[in-house]
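Subject: The structure I promised you

Hi,

Here is the structure we talked about, so that you can open it while you read. My notes on what turned up come straight after it.

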Amino acid sequence: MTKLPIGLWVEFIVEWAQIHLEWLFDFITMIIKLLVSGIETIFLAVPPLVIIVLVFILVWFVANRGLAIGTAIGLFLIQNMQLWEASIETLALILASTALALVMGIPLGILTARSDFAHKLMMPLLDFMQTMPAFVYLIPAVLFFGLGQVPGLFATVIFAMPPTIRLTGLGIRQVPAELVEAADAFGSTEWQKLVRIQVPLALPTIMAGVNQCIMLSLSMVVIAAMIGAGGLGTEVLAGLSRIDIAKGFEGGLAIVIMAVILDRVTQSLTEKRKIKV
Amino acid sequence: MSKIIVKNLVKIFGDHPEKAIKLLKKGYSKNKILEESNQTVGIYDINFSVNEGEVFVLMGLSGCGKSTLLRCINRLIEPTSGTITIDGEDITTAAPQAVREMRRKKISMVFQGFALFPHRTVLDNVAYGLEIQGITIEERRKKAAQVLETVGLKGWENSMPQQLSGGMQQRVGLARALANNPDILLMDEAFSALDPLIRKSMQDELLSLHNTLNKTIIFVTHDLDEALKIGDHIALMNNGTIVQIGTAEDILTNPADDYVEKFVEDVDRTKVLTAEGVMKSPDPVVFLRDGPRVALRLMREHGISSIFVVTRERKLAGILLAEDALQAVKEHKEDIKGIIISDVPKVGVDTPVIDIIPVIADTKFPVAVTREDDKLAGILVKGSVLAGMVRRGNNID
Ligand SMILES: Nc1ncnc2c1ncn2[C@@H]1O[C@H](COP(=O)(O)OP(=O)(O)OP(=O)(O)O)[C@@H](O)[C@H]1O
Ligand SMILES: [Mg+2]
């Protein structure tokens, strides 16, 4: 049996896109750069201590005192390890990729809930996206966008988006049929039904998707650093390549601290929104 | 006047309704059609009309198509064929925009499981229908609060629906449906999820609301007591078709077929319940020695158009009509003996209700209930017999 040239086909498509969609990639690059550097600039302009105090208050407000104290300690530790700038870079990358993943993922999720056809089309695609090793996304990312933050973010978004789509769709499909019927029976337009009934009732599930999206973005930090995305991932990679245990561990610890904070904060946001149906 | 006219309405669930219709015309049963063509017959060849301001009940066993029929009327379900005319307009061909407008202004629905929005306060649940019409927040909340008051839920505006008992939740459901001030209320087993006592009080409340608001109501139930109590007309459904339409009395006295008869049989109390159990007190009565003036004054005081006449021993002598009494007064007659009708319908106190119903149906007078010695024990009027039966029924469960 002859070998099917699947790899070649993909290569062909990627090359074609490189040539013909250059304008699109340039446009995306511009947006992403603006977004990431915007977030970075804002966070770096404020002294670390002020940020720590603000985050402390915020976490206390949305979650509880214990978590707020833990968060503050964690942030001080990062500052103390002199990883503040790297962490901000990583945070900017995560926030930007989460934002993009949500902006695309939530509407797609809603689409899969509303159309059985979209659902059938999307589910295998999502399975594919989630099982494909994350490294593979780096190749087209580099080809389209070169090295740096932009391809890192591109790969991260693709990797982190599936749970958002899935859980948004699931949340909306789980809204009790009788409530949807009631919304229809009073003469809601499709849009009114969506924003007033379906999305609010699906919110706990959608928030779980947001949480997973952030966690997956974090898990891409080191991988994205391989193509020059910078941030804490670079520290870890440097530690790895020089077998510098101390450096590698500190970078890893900073990532863990960020992960725990982001996870707990988004989870307590979800808890608060839960409504018994 | 007919508010709603349904003609030849059919709903087949499935991708090839024409197959099912072909088989239906050949007289195949619903199960057979499902087997042969994989199409489910929801309802088939439904015809009826609902008068303005009446309570029309759809009744039948589970799966007979009541909900399907009800949902065709506001097009939550698209009928396969047939027409539904509301206020002279066929709504089966209405465009989506017009359907939405109709649901907003003309037809509201109350659901079995209440279907309240759990993320909204009671007030904002009731205001929902107004909200989506773009009515300002002050105005819609004011209106919603008024409606909540009419269903007896003043003070609960800011609670969440889950904090309310079942009966109260359904009041919210009713208030939400009334807030748009629709002409027509569709109620799908609205009280079936409530326990019997609450259910009875909700029925009473619905009837009194109905008296003041004068809505046209289509009410789905599988409970005969409920149907008898609240329905002006009752349509009995079986396997997707209507087998009989009539008043409560029609259905009790002339069941159209075995199916209806079986349904009605469950109202065992028509056999066990006797005249004594459903009669009203005989007051007022006039005595034979009284003059037409006395009789006329009593009738006027009690707002009745006829009065029973008894002897000194309270034995039944006959009935006196207001018009005859008036005539006698004009002619300066002192005596009523000559003008009473002595051939009045009467039944004994032990007569079962099932035998009373035809007597009542046949006469335009109230029916007298007498004891063995012919003494007047009570009277029966149409409404009170049915009400009495239902009242008893509820006490039993
Ligand atoms: N969406 C649907 N798809 C397929 N079949 C349906 C659908 N909705 C209803 N049916 C079928 O249509 C028939 C009538 O159902 P319907 O819900 O109208 O009955 P019902 O009289 O309201 O019963 P119940 O008292 O249980 O509510 C049933 O055989 C049901 O299985
Ligand atoms: Mg039903």
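To start with a term: a salt bridge here is a side-chain nitrogen of Lys or Arg within 4 Å of a carboxyl oxygen of Asp or Glu. By that rule, the count between domain 1 of chain A and domain 2 of chain A is 0 salt bridges. Please keep in mind that this is a predicted model.

**Inside chain A**

Where do the two domains sit in the chain? The domain assignment puts domain 1 of chain A at 44–80 and domain 2 of chain A at 84–273. Their C-alpha centres are 23 Å apart. On the domain 1 side 15 residues make contact, and on the domain 2 side 14 residues do. Together, domain 1 and domain 2 of chain A bury about 1200 Å² between them, with 81% of it on carbon and sulfur atoms. Three residues stand out: Leu44(A), Val62(A) and Ile78(A) supply 46% of the area that domain 1 buries against domain 2, more than any other three residues.

Besides the 0 salt bridges between these domains, the rule for polar contacts finds 0 residue pairs across their interface, taking pairs with both residues at pLDDT 80 or more. Two elements, α3 (48–62) and α4 (65–80) of chain A, give two or more residues to the side of domain 1 that touches domain 2. The most comes from α4(A), with 7 residues. Sorted by class, that side of domain 1 has 12 nonpolar, 3 polar and no charged residues.

Elsewhere in chain A there is a salt bridge to look at: Asp127(A) pairs with Arg166(A), and the closest N and O atoms are 2.8 Å apart. This pair links distant parts of the chain, since Asp127(A) is in helix α6 (residues 116–131) and Arg166(A) is in helix α8 (residues 149–173), 39 residues apart. Over all chains, the count comes to 29 salt bridges.

**Where chain A meets chain B**

How many residues does each chain bring to the contact? Chain B brings 27 residues and chain A brings 19 residues. The two chains bury about 1900 Å² between them, 63% of it on carbon and sulfur atoms. The count between chain B and chain A is 2 salt bridges. One of them joins Arg196(A) to Glu131(B), with the closest N and O atoms 2.4 Å apart. There are also 9 residue pairs in polar contact across this interface, both residues being at pLDDT 80 or more.

On the chain B side, α4 (96–105), β6 (107–110), α6 (128–131) and α8 (166–179) each supply at least two residues that touch chain A. By class, this side of chain B has 12 nonpolar, 8 polar and 7 charged residues.

**Chain B and the ligand**

Chain B is divided as well: domain 1 covers 49–106 + 182–266, and domain 2 covers 275–396. The centres of these two domains, taken over C-alpha atoms, are separated by 35 Å.

Which residues come nearest to ligand 1? Of the 13 residues around it, they are Ser62(B), Gly63(B), Lys66(B), Ser67(B) and Thr68(B). An oxygen atom of ligand 1 is 2.7 Å from a polar backbone atom of Gly63(B). Side chains take part too: a ligand 1 oxygen atom is 2.8 Å from an N or O atom in the side chain of Lys66(B), and for the side chain of Thr68(B) the value is 2.5 Å.

Cheers

Technical notes:
Residues numbered from 1 in each chain as written. Chains lettered and ligands numbered in written order. Predicted model: local features only at pLDDT ≥ 70, side-chain atom pairs only at ≥ 80, totals over all residues. Heavy atoms only, no water. Domains from an automatic or database assignment. Contact = heavy atoms within 4.5 Å. Buried area = accessible area lost by both parts, 1.4 Å probe. Polar contact = N/O pair within 3.5 Å; in protein donor to acceptor, adjacent residues only side chain to side chain. Helix = DSSP H or I, 4+ residues; strand = E, 2+ residues; numbered from the N terminus. Nonpolar A, V, L, I, M, F, W, Y, C, P; charged D, E, K, R; others polar. Near = heavy atom within 4 Å.
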